[in-house]
Amino acid sequence: MPEENQHNNTQNQSQDTITKVTGMYKDWFLDYASYVILERAVPSIEDGFKPVQRRIMQSMKDLDDGRYNKVANLVGHTMQYHPHGDASIADAMVQLGQKELLIDTQGNWGNILTGDRAAAPRYIEARLSKFASEVVFNPKTTEWQSTYDGRRKEPINLPVKFPLLLAQGAEGIAVGLSTKILPHNFNELIDASIKHLRGRSFTLIPDFQTGGIADISDYRDGVRGGKVRVRVKITQLDKKTLVISELPYGITTSSLIDSVLKANEKKKIKINKIEDNTAAEVEILIHLPNNVSPDKTIDALYAFTNCEISISPLCCVIDNNTPVFINVKEIVRRSTDHTVYLLKKELEIQLAELQEQWHFASLERIFIEKRIYRDIEEEGTWKGVLKAIGKGLKPHVKHLKRAVTEEDIVRLTEIRIKKISKFDIDKANQLIESLEDKIATVKKYLDNLIDYAIDYFKNLKKKYGKERKRKTEIRLFDDIEATKVVMRNAKLYVDREEGFVGTSLRKDEFITDCADIDDVIIFRADGKMMVTKVDSKTFVGKGIIHVAIFKKNDKRTVYNMIYRDGLRGASYMKRFHVSGVTRDKEYDLTKGKKTSKVLYFTANPNGEAEIISIHLRALGKIKKLKWEIDFSELAIKSRGVRGNTVTKNSVKKIVLKEEGISTLKPRKIWFDDSVMRLNLDDRGELLGEFKPKDRLLVINQHGNLKTAIPDMTMHFDEDIIILEKWQPDKPVTVVYYDGQRERYYLKRFLIENPDKLEVVISDHPNSQLEMVSTDYRPLLEVIFRKRLLDAIVINAEDFIDTKGISALGNLLTKEKIKQVNALDPLPYEKPDIDELEVHEDVIDNQPEQGHLPDEDTDSSKPEIDQDGQTSLF
């Protein structure tokens, strides 16, 4: 019996613990999800507030007396409306205060730049800003509902007359959905609202408190699927120091520095140290080692750190108790239309109040002027009094706008004897006339409601928009290829005999520096080619003849190859480039026979084409055993072609006869001022056709002059005034103001040291550059500040000879100059001078001769590929 009872008890317990949760989950989860969406995470489209923000604002209005209130007191008062803890309310208030729009703060409210938290609520204070008092509140147009405990009334939505949601931005994560609305510029929102009221189209782009540079080309009006790329603002202080002065949205100096240090630890970038001097403004100094390119470092910071982030906007709002996804333009339209509705409602309320004032003022005048108050002296009852007054008023109320009610008569009985005795009919008439003028004005506004709304927005911009200029610079970004800017933090080695490549083969042959994200291209003696990722040790096949870092889409590197088809087949030659491949896939560069063999191979970074000698074996009746071949006569084709026939006989050896020169055309280089970068894609202004040693001439507004071999990673500041192909024989003409002598000077010079950064004006702090010309024979127009002095035209070639860059120059004038203009230059013909073409590239390496396993084949040592480094200013 005990065992049977124990078994029954166990069975009953197991039955008690089994509970079906299907219905419970369906109801409870949906209730919870709806609550989080509607009451916590997502803002309303009508006023732009989340519930906690709306309750904070209402509490601040309740306690508003023009003085600061302790935030702890405001948080406690808000808890009458908000059914959650004080910490969440305090955090929400701090976020509102840091946006510097609705709340006037006092004390330590934290720092959005450094990420420092605000002080405890008992130590900081707040009050409503003047903007909030004017735009957010109006009890007469507010709809109310009971609070969570039914003891008070709270607004359903505040009557906000401004696109506040887009001005502040919003972010929240609910159950099953989220929202991320980016902030926009105050003045631009007002302009957009005005354009909407006028029936014109408008465009809105984000603007962030922290500034930075943004690419909004894929913003898509803030809908799902859009993207905004934001970068820090980096300038180059000198060759070894970079300065970060503005941050991306949502990034603090602490998180930014952490990301830079992590990238440095992973050897993606190379820096000496980083300093954070941020106070009121952001200032982060990044110190670079010697021989590290600042331009490449800037690109690497964008590629591997939080110096560039991508933001995915998602405009989700609550509309009529339902979450909806809309774009920012629709938010502006809805907000503006709602503002017009609220303005109309306010005018209608104001009109009704003025009409009531006019009505009672008219009754009061009649009541006192016609001495109707005497008619009640004989009445003994209250009803009799009211009846007597109504009877006395009847002959005089025909001009009134509405009928006289009992409430009107009761108000007349409340007039004091003192007011009746001192009644002034002239003042009464003036009051009525002023009320009539106000009524006419309000009616005029109602009849011209759109114009009234436009004036309302203009007034907001005039009062509150002066200090709210755009902080974020809008610019298109070039895509940065990580492999081109990553720091080469490892060394690549090859074991040709065993067929291994990798970074751990330190006892074997060194190839080049590399990064862990690089790809390696390998050519083998059997005519096979493959591309694989850099690793510690990778088997790629025996008989390696060439290894290098693979550059995707590289059409300048040309491979010259001669191979034998099969064991006794003919020999073929071809030139090809490798622009794109599938990683770890073998490609056969021969006709496909297993016994095919590469007889000659070179890799040429600039399309060099050498001259070689072919030596045949003395077999049979072959008469011609040696001849020369010029690879420049062979067209560059794809890697899969068979190639041209060299010979059907057996080749003994192939000897390099003459080093090759580039067969590629000079590169056309453009400058795109929208991104301030060079490109090869026909975007922007064509700077010219550049050979390997050709240079750019760059002069900026501060008088800094530099020549540099063009590199697509170069960065240019917006203060450049000269950017062109440098011609060494072309003089530079400069007009500048010398701050020490307080005079204007003109000088002409040739650039003698192209690798040196020069300053073309004197080093006095008040010296400034007036004009620069790179014409051979420039004409200058000088306009003086004194109106009595006529402008003069100066032939710079006659005015001064060409001297050194450090020369002071000739005194141009003692008079103060208003402007110097460059006129059309005098004609110039270049002398006929035979120029030697230069084919070497100081950036790229010389052709590398392949290593062939054939003992009869000549070979030369491979050259190490060294990346050239360039920097400006």
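**Exercise 1. A loop residue with an unusual phi**

Task: Is asparagine 291 buried or exposed, and where does it lie?

Solution: Start with accessibility. Asparagine 291 has 68% relative accessibility, so it counts as exposed, the cut-off for that class being over 50%. Keep in mind that we're working with a predicted model here. Next, place the residue: asparagine 291 sits in the loop that runs between strand E13 (284-287) and helix H10 (294-304). Finally, check the backbone. The phi of asparagine 291 is near 60°, which is a positive value in a residue other than glycine.

Glutamate 742 makes a good follow-up. Its phi is near 55°, again a positive value in a residue other than glycine. Glutamate 742 belongs to the loop between strand E40 (732-738) and strand E41 (743-749).

**Exercise 2. Sorting ring pairs**

Task: Work out which kind of aromatic pair phenylalanine 131 and phenylalanine 162 form, and which parts of the chain the pair ties together.

Solution: A pair of aromatic rings is described by the distance of the centres and the angle of the planes. Counting ring centres within 6.5 Å, the model has 21 aromatic pairs. For phenylalanine 131 and phenylalanine 162, the centres are 5.3 Å apart and the planes make an angle of 85°. Planes over 60 degrees apart count as edge-to-face, so this pair gets that label.

Now the locations. Phenylalanine 131 is part of helix H6 (residues 130-135), while phenylalanine 162 is in the loop between strand E5 (153-157) and helix H7 (164-168), so the pair joins parts 31 residues apart in sequence. Both phenylalanine 131 and phenylalanine 162 are buried.

Go on to phenylalanine 208 and tyrosine 249. Their centres are 4.7 Å apart with 20° between the planes, and the pair is stacked. Here, too, distant parts of the chain are linked, 41 residues apart. Phenylalanine 208 comes from the loop between helix H8 (186-197) and strand E8 (213-218), and tyrosine 249 from the loop between strand E11 (241-246) and helix H9 (253-265). What about burial? Phenylalanine 208 has a relative accessible area of 1% and is buried, whereas tyrosine 249, at 24%, is partly exposed.

One last step: follow the ring pairs outward. They link Phe131, Phe162, Phe186 and Tyr464 into a cluster.

**Exercise 3. Arginines over rings**

Task: Which ring does arginine 411 lie over, and at what distance from the ring centre?

Solution: Arginine 411 is over the face of phenylalanine 360, 3.6 Å from the ring centre. Try arginine 639 as well: its charged end is over the ring of tyrosine 587, at 4.5 Å from the centre.

**Exercise 4. Two packed helices**

Task: Describe how helix H11 packs against helix H15.

Solution: Two packed helices are described by the angle between their axes and the distance between the axes. Helix H11 (residues 328-369) meets helix H15 (residues 425-447) at about 160°, and the axes are 9 Å apart. An angle over 145 degrees counts as roughly antiparallel, so that is how H11 and H15 run relative to each other. Their crossing is left-handed. Sorted by class, the H11 contact with H15 has 14 nonpolar, 5 polar and 7 charged residues.

**Exercise 5. Sequence gap against spatial gap**

Task: How many Å separate the C-alpha atoms of alanine 214 and glutamate 473?

Solution: Alanine 214 and glutamate 473 are 259 residues apart along the chain, and their C-alpha atoms are separated by 6.2 Å. Alanine 214 is in strand E8 and is buried at 1% relative accessibility.

Then take valine 540. From valine 540 to glycine 688 there are 148 residues in sequence and 42 Å in space, C-alpha to C-alpha. Valine 540 is in the loop between strand E23 (538-539) and strand E24 (544-549), and its 3% relative accessibility makes it buried.

Finish with lysine 657, a residue of strand E33 (residues 651-662). Lysine 657 is exposed, at a relative accessible area of 53%. Between lysine 657 and aspartate 630 the sequence gap is 27 residues, and the C-alpha to C-alpha distance is 9.4 Å.

Conventions. Residues are numbered from 1 along each chain as its sequence is written. This is a predicted model: local features need pLDDT of at least 70, side-chain atom pairs count only at pLDDT 80 or more; totals for chains, interfaces and linings use all residues. Side-chain values use heavy atoms; hydrogens and water are left out. Rings of Phe, Tyr and Trp (its six-membered ring) pair if their centres lie within 6.5 Å; planes under 30 degrees apart count as stacked, over 60 as edge-to-face and the rest as tilted. Helices (H or I, at least four residues) and strands (E, at least two) are DSSP runs, numbered from the N terminus. Buried means under 20% relative accessible area, exposed over 50%, partly exposed in between (1.4 Å probe, protein chains only). A charge sits over a ring if NZ of Lys or CZ of Arg is within 6 Å of the ring centre and within 35 degrees of the ring normal. Axes are lines fitted to C-alpha atoms, for helices over the stretch in contact, and angles run from 0 to 180 degrees between N-to-C directions. Angles under 35 degrees count as roughly parallel, over 145 as roughly antiparallel, 65 to 115 as roughly perpendicular and the rest as oblique. A crossing is left-handed if the near helix is turned anticlockwise from the far one by less than a right angle, and right-handed if clockwise. Ala, Val, Leu, Ile, Met, Phe, Trp, Tyr, Cys and Pro count as nonpolar, Asp, Glu, Lys and Arg as charged, and the others, Gly among them, as polar.
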